[in-house]
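Here is a relaxed walk through a model you may not have met before. Have a look at it first, and then we'll go through its parts together.

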Amino acid sequence: MSLEPKLLGFLCQNSADLCADFAGMERKSYAPNFFPVRLPCLGGLDAFFLLKAYFSGADGVLVLGCPPGHCRYKRGNETAKRRMQVIQGLLEILGIGKERLDFVWIHPSEISKLVEVVNGFNERITKLGPCGFFQSEDQAKFHWMTELKKCDHCYQCKEVCPICFCKRCYPESFQNFGLGWLVHVIERCTHCGACKDVCPQGIRLFEIVQLLQQKMSELNLLPLSFPLPQGSEKAGIVNITK
Amino acid sequence: MKIDPKTFIKEFQLNVCIQCGTCTGGCPVKFRSPLNMRRLVRETFFTTNPSLLFKRPELWACTTCSTCSLRCPAGVKNVELIMGIRNFLANQGEVPSTIRDALENTFLQGNPWGRFRDRRADWAKDLGVKILGEAAAETLLYVGCAPSYDPRVQNVSTALVRILQKAEVDFGILGKKESCCGSEIRRMGEQALFKKLAKDNTNLFKKSGIKRIITISPHCFNAFKNEYPDLTIPVQHYTQVIADLIETGRLRISQALNLPVTYQDPCFLGKQNLVFDEPRKILTSIPGLEFAEMDRSKQRSLCCEGGGGRMWAEGGTEGTRNGEIRIKEAVALGAKVMATACPFCLLTLEDSAKTSSLTDQIVVKDITELVAEAI
Amino acid sequence: MKKIGVYICHCGTNIAATVDCSELARFAGTLPGVKVARDYRYLCSDPGQDLIKKDIRELGIDRVVVAACSPRMHEMTFKNLLSSESLNPYFLNIANIREQCSWVHKDRERATEKAKHIVHAAVARVSRHEPLEARKVGIKPSTLIVGAGIAGIQAALNIANGGMRVVLVERAPYIGGHMAQLDKTFPTLDCASCIFTPKTVEVARNKNIELFICSEVADVKGYVGNFTVAIKKHPTYVDHRRCTGCGDCVEACVLKRGVPSEFEEGMARRKAIYLAFPQAVPLKAVVDKESCLFLSKGKCKKTCIEACKAEAIDFDQKEEVIEKEVGSIIVATGYDPFDPHLLPQYGYGVSDNIITGLQFERLSSPSGPNRGEILLKDGTVPKAIAFLHCIGSRDENAKLHCSRICCMASMKQAHLAREKTGAEIYEFYIDINAFGKGYQEFYKRVREEGIYFIRGKGSEIYKRDGRLIVEAEDTLLGTPVEIPVDLVVLGTGLTARRDAETVAQVLGISQSADGFFMEAHPKLRPVSTNVDGIFLAGCCQGPKDIPDTVAQASAAAAEVMSLVTKGEIEVEATISSIDPEICAGCKLCIEICPYSAIDFLDIRGISSVNEALCKGCGACTAVCPSKAARQRHFTQDQVLAEVEGLLAV
């Protein structure tokens with residue numbers, strides 16, 4: 001008896017996780033292949049947690065948190081929503097598909113809704129079938145990932161990028177540097193094109209960033225304004241504020 | 001045929017009933033027949049012999065006004081239970097003979113009165129109305145059986161045609177191709193025939209290329225809007241259309257009608273579909289018309305007993321008819337005209353005015369007839 | 001070398017009936033870093049805890065996974081256990097295999113499989129836990145109580161008489177809430193005003209209570225022990241230090257007809273300047289700026305100012321916002337009655353003499369519009385009165401909940417009406433909810449008085465021949481009835497206040513499905529909320545009668561006083577910190593922090609978390625590009641380990 005498809009849940013402590021406990025107290029029933037992770041607030045839900053989920057074999061990720069206006073930490077839920085939308089765009093491009101990531105508002109008292117949402121998501125992902133993201137060699141479906149997999153961590157792209165200012169590069173520790181670095185620069189890319197021909201493996205970073213920014217503008221997601229740190233050595237760079 | 005009562009319990013949510021009696025309390029025929037909705041729910045729940053339970057004449061007294069279902073605090077599907085029982089009886093062939101005739105007629109001639117299908121559009125032949133199929137139009141005026149064949153109600157159809165023509169609305173009728181909407185058929189228990197009518201009518205509407213349907217009867221309105229599974233074309237009752245035409249200035253009400261008028265909210269238009277304001281807007285826009293509201297109006301309007309197949313039922317009720325109570329209420333209010341927006345209300349109330357001998361004090365008119373006089 | 005101990009709790013049969021605990025323990029024993037894995041019937045019991053303590057002492061276990069009920073139940077228990085064995089309590093991880101596993105999945109194989117995933121993740125996570133020191137915060141000794149009905153008043157008195165300070169904020173111009181509107185109360189028939197006036201007077205006199213009327217709580221910042229609240233004082237246009245409550249201004253007000261009085265539930269009218277009612281505390285005039293001709297239209301002779309000998313009227317008064325620092329908050333905002341306009345079958349608002357329960361209280365009250373006489377709109381005495389139960393309650397078309405007190409209220413009103421008018425009285429009911437002390441006895445008394453009880457919910461009210469007809473069915477006889485009466489009293493239910501959602505958002509508390517504020521646990525923590533330091537009292541948490549309201553208010557007061565007495569409380573150590581070596585000074589964290597808890601250190605060009613203000617939401621850690629910002633106990637490492645652990649078993 002397997003627990004397939006694998007559904008990972010990110011539940012915020014104050015609403016969804018509490019609601020899940022209530023569902024247990026009322027002996028409701030939902031799909032056992034749903035694995036919840038508790039976070040204090042969805043505002044702390046990092047894009048990397050989501051990517052890690054798909055890399056580790058999740059077929060679908062369900063994010064549940066407080067409705068607008070009810071976040072105990074003011075805006076965490078709305079920050080998270082925006083982040084989800086960007087990641088959904090990325091999932092589309094990567095071939096995973098945005099239906100495999102869902103984001104639902106839930107009050108702690110909405111027990112029936114929780115059960116419905118989890119079971120409904122399970123049905124949806126079951127119909128879509130296993131994600132097979134990192135394991136699959138399906139070049140046609142995951143062609144961007146196939147390209148990104150070629151990354152051998154030479155960091156040339158990072159070196160030439162004018163907006164890369166971190167003292168420690170976090171994506172270096174991620175399974176796939178290309179993908180991790182992509183998630184990082186997505187909002188801030190100035191389209192300078194310096195990364196275009198610099199990758200020795202021929203990964204078309206410039207293109208994929210453009211694609212993702214286009215997806216974001218389709219969703220009316222303007223890039224966040226990005227101040228550059230003072231004393232940054234990479235001078236002459238314009239802030240993106242729209 | 002043995003039926004498992006458990007199917008009834010599940011389908012109509014009988015197990016949530018708390019036996020509060022709101023259904024029976026609000027039933028328009030509670031004093032006119034032994035029908036007791038609350039007791040029926042409990043008996044159906046516990047019965048071991050449903051066939052015997054359901055062979056009761058009072059089950060045919062229900063007018064399907066739906067007050068019971070609408071008010072039930074527990075969520076029991078009361079009126080649906082009645083329809084389910086009637087369906088069971090119809091499948092056994094155990095329906096009253098007049099009902100059986102009405103059902104057969106509809107199957108054969110497309111209307112419960114058994115009038116000839118080919119003569120359905122005769123009432124319109126000199127009115128210069130487009131027939132869809134021969135000409136195209138944006139809007140379908142779905143006439144209905146009573147407005148097509150009953151001479152009293154044909155006046156309503158004629159009046160509405162005049163109004164729509166005056167307002168330059170682009171409409172057509174289906175003519176001979178029109179068949180019964182099936183609303184009363186479903187309520188008399190013939191689910192299978194209703195499904196067939198729904199399917200055929202939906203296809204016919206889709207093929208005719210129209211973008212909107214207007215109905216004369218609230219029963220047809222309710223069926224198309226809420227009970228036809230595959231119909232996506234927007235449906236309106238004519239009161240909604242006329243109210244809009246008046247508001248947007250496309251229909252000018254120029255003549256005064258100096259009359260005190262009251263209005264009967266039809267169950268299928270009012271309490272079931274919440275269309276209360278439009279008929280009132282129309283009436284109050286007629287100059288000289290003094291509109292008086294009966295106490296039992298809107299959600300409390302008293303059912304005229306025309307629905308639920310009652311038009312084709314013989315007897316089964318006793319005592320003062322609701323129609324007569326209504327006429328007397330209207331007269332007591334000082335009204336000289338009882339306005340209606342439903343062919344069944346029109347027919348039953350007019351008949352009640354006669355049987356109460358109050359025809360010298362009040363007339364029953366459809367809203368279309370009043371508007372037609374005022375434009 | 002980490003030594004992890006994994007303990008699987010059977011929780012009697014709660015977990016063991018669905019999850020194979022010994023198999024789970026066996027599986028846990030195979031995981032990397034796990035030195036011992038056991039299963040036991042009740043880990044939270046003394047012998048259960050001793051089991052763990054023994055392993056810590058004898059096997060040198062230094063990290064503990066407890067797979068059992070929700071951490072909300074026993075995280076504290078096991079954290080204390082670790083502390084008592086000199087282990088840092090944050091080396092504990094609770095795996096929820098009850099509420100989120102055994103209780104929600106029916107298939108034993110799959111539930112056990114899932115439990116394995118959960119334990120696998122818990123072990124992976126705990127091996128990355130770091131030792132943390134719990135923060136202690138001080139508790140400011142004063143309390144904010146929102147709402148001065150009987151609940152707020154009771155709590156305020158308990159706390160103030162205990163020597164602690166109270167800030168009591170009330171929206172209306174008087175204190176007493178709905179109880180002030182009642183005539184006699186069930187089952188003893190005490191007059192409401194008589195029994196609570198001693199309390200209201202004490203509130204006004206008590207030096208430890210600072211009362212704000214015509215005020216609302218606009219904003220709440222901070223956390224348990226240290227809340228900063230902003231109180232908005234609406235202008236009353238009367239200087240309450242000068243006003244003597246003489247009422248001359250009211251006499252003089254030019255508004256002839258006035259507007260419907262809120263206190264009288266619309267049964268009487270009041271002027272633009274008014275005194276709430278004769279025994280109001282405080283007895284001060286207030287001006288309603290919407291009906292006042294001068295304030296709304298600028299056109300008035302201001303005869304009120306002329307008439308006021310104390311020169312108290314001041315049309316220049318402005319709204320004030322006052323900030324207070326308190327340690328705890330009690331929410332006692334009460335209820336709103338159900339609006340019967342929403343159920344048109346009862347003709348409320350269409351015909352005269354169809355009134356709500358509260359409106360009847362005003363009619364019956366000696367201070368009401370008819371001086372306590374039950375009269376119809378035309379001034380005559382009704383010969384027959386109907387009381388309809390469950391209006392707006394227990395109804396799929398209105399509210400699902402039972403409003404608990406209306407059966408008793410209806411019967412009390414029936415008794416009063418009978419006494420005053422001798423009328424025929426009909427109670428239309430579905431069930432009789434006479435649950436409290438003396439309530440069944442009262443029900444018997446009312447039956448003995450000859451009041452008719454008809455078991456059938458009132459279905460409709462309509463007018464016929466000058467009388468009101470109640471349509472229902474006598475379900476016990478099985479016959480439909482139409483009873484003509486002169487007066488209908490609708491037993492309207494209690495609902496959450498219309499602005500409950502806004503109040504919940506301001507405070508950060510949640511609402512239950514029925515709209516009332518949610519308690520932390522329905523049975524064991526009825527006055528706490530999910531926000532530490534904020535408590536509930538009275539009908540804002542759910543419908544209840546006066547004895548239960550007073551009891552709950554005292555319970556909330558006890559919780560508050562317990563906090564204050566202790567003087568300090570431990571709060572989560574799971575706040576954020578920023579590694580100064582890694583931080584590049586991009587300030588993204590500063591922008592996103594909802595509490596402005598991050599400062600920028602100009603000289604070093606980096607950001608730094610102000611630990612006193614940080615609430616541990618994690619927003620900064622998610623947004624930091626280099627992960628210089630990390631949230632303790634929810635680091636990247638730890639969460640990623642949990643994610644991986646759940647999926648890749």
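Which residue is the bridge partner of C12(A) in strand 2 of chain A? In strand 2 of chain A, C12(A) is bridged to L39(A). Before going further, keep in mind that this is a predicted model.

**The sheet in chain A**

That bridge belongs to a bigger pattern. Strand 1 of chain A, residues 7–12, runs parallel to strand 2 of chain A, and six bridges join the two. Both sit in an open sheet of four strands, paired in parallel and ordered 2-1-3-4. Strand 2 (34–39) and strand 4 (101–105) of chain A are at the edges with a single partner strand each, so one side of each has no neighbour in the sheet. On average, neighbouring strands of this sheet are turned by 20° against each other, ignoring direction.

Helices pack here as well. Helix 1 of chain A (residues 16–25) packs on the sheet and touches strand 1, strand 2 and strand 3 (60–65) of chain A. The direction of helix 1 makes about 110° with that of strand 1 of chain A. Helix 3 of chain A, residues 76–94, lies across strand 3 and strand 4 of chain A, and runs at about 160° to strand 4.

**Chain A as a whole**

Chain A has eight helices and four strands. Along the sequence they follow the pattern β-α-β-α-β-α-β-α-α-α-α-α. Of the 242 residues in chain A, 50% are buried. Taking contacts in chain A with a separation of 6 or more, 77% are between residues 24 or more positions apart.

Chain A is divided into domain 1 (7–128) and domain 2 (150–218). The C-alpha centres of these two domains of chain A are 28 Å apart. Where they meet, nine residues of domain 1 of chain A are in contact with ten residues of domain 2 of chain A. Helix 2 and helix 3 of chain A are the elements giving two or more residues to the domain 1 side, and helix 3 gives the most, with five residues. That side divides into seven nonpolar residues, one polar and one charged.

**How the chains meet**

Which pair of touching chains has the most contacts? Of the two pairs that touch, chains A and C have the most. The contact between them takes 56 residues from chain A and 54 residues from chain C. On the chain A side, helix 1, strand 2, helix 2 (47–55) and helix 3 each supply at least two residues. The largest share there, six residues, comes from helix 1 of chain A.

Chain C also meets chain B, with 22 residues of chain C in contact with 22 residues of chain B. Strand 24 (460–464) and strand 25 (467–474) of chain C each supply at least two residues of the chain C side. Chains A and B do not touch, and their nearest C-alpha atoms are 18 Å apart.

Here is what the two sides are made of:

| Side | Nonpolar | Polar | Charged |
|---|---|---|---|
| Chain A side touching chain C | 28 residues | 16 residues | twelve residues |
| Chain C side touching chain B | five residues | nine residues | eight residues |

**The nonpolar cores**

The largest nonpolar core has 153 residues, and those touching the most other members are V6(C), Y7(C), V65(C), V66(C), A67(C), V119(C) and V123(C). Helix 5 of chain C (residues 108–126) gives the most to this core, with nine residues. Domain 1 (7–128) and domain 2 (150–218) of chain A both give residues to this core, so it lies between them.

Leaving aside neighbours within four places in sequence, V123(C) is in contact with several residues, including I4(C), A28(C) and L31(C). Another core lies apart from this one and has 116 residues, among them F8(B), A74(B), I99(B) and A313(B).

**A few backbone oddities**

Most residues other than glycine have a negative phi, and most peptide bonds are trans. A cis peptide bond joins E4(A) and P5(A), with omega about -10°, and P5(A) is in the segment before strand 1 of chain A. Another cis peptide bond joins F186(C) and P187(C), with omega about -10°. P187(C) is in the loop between strand 8 (184–185) and strand 9 (190–191) of chain C.

E305(B), which is not glycine, has a positive phi near 75°. E305(B) counts as buried because it has 26 C-beta neighbours inside 10 Å. C390(C) has a positive phi too, near 60°, and is found in strand 21 of chain C.

Notes:
Residues are numbered from 1 along each chain as its sequence is written. Chains are lettered from A and ligands numbered from 1 in the order in which they are written. This is a predicted model: local features need pLDDT of at least 70, side-chain atom pairs count only at pLDDT 80 or more; totals for chains, interfaces and linings use all residues. Two strands pair if DSSP finds at least two bridges between them. Axes are lines fitted to C-alpha atoms, for helices over the stretch in contact, and angles run from 0 to 180 degrees between N-to-C directions. Two residues are in contact if their C-beta atoms, placed from the backbone, lie within 7 Å. Ala, Val, Leu, Ile, Met, Phe, Trp, Tyr, Cys and Pro count as nonpolar, Asp, Glu, Lys and Arg as charged, and the others, Gly among them, as polar. A nonpolar core is a set of buried Ala, Val, Leu, Ile, Met, Phe, Trp, Tyr and Cys residues joined through C-beta atoms within 7 Å. A residue is buried if 20 or more other C-beta atoms lie within 10 Å of its own, exposed if 12 or fewer, and partly exposed in between; C-beta atoms are placed from the backbone. Domain bounds come from an automatic or database domain assignment.
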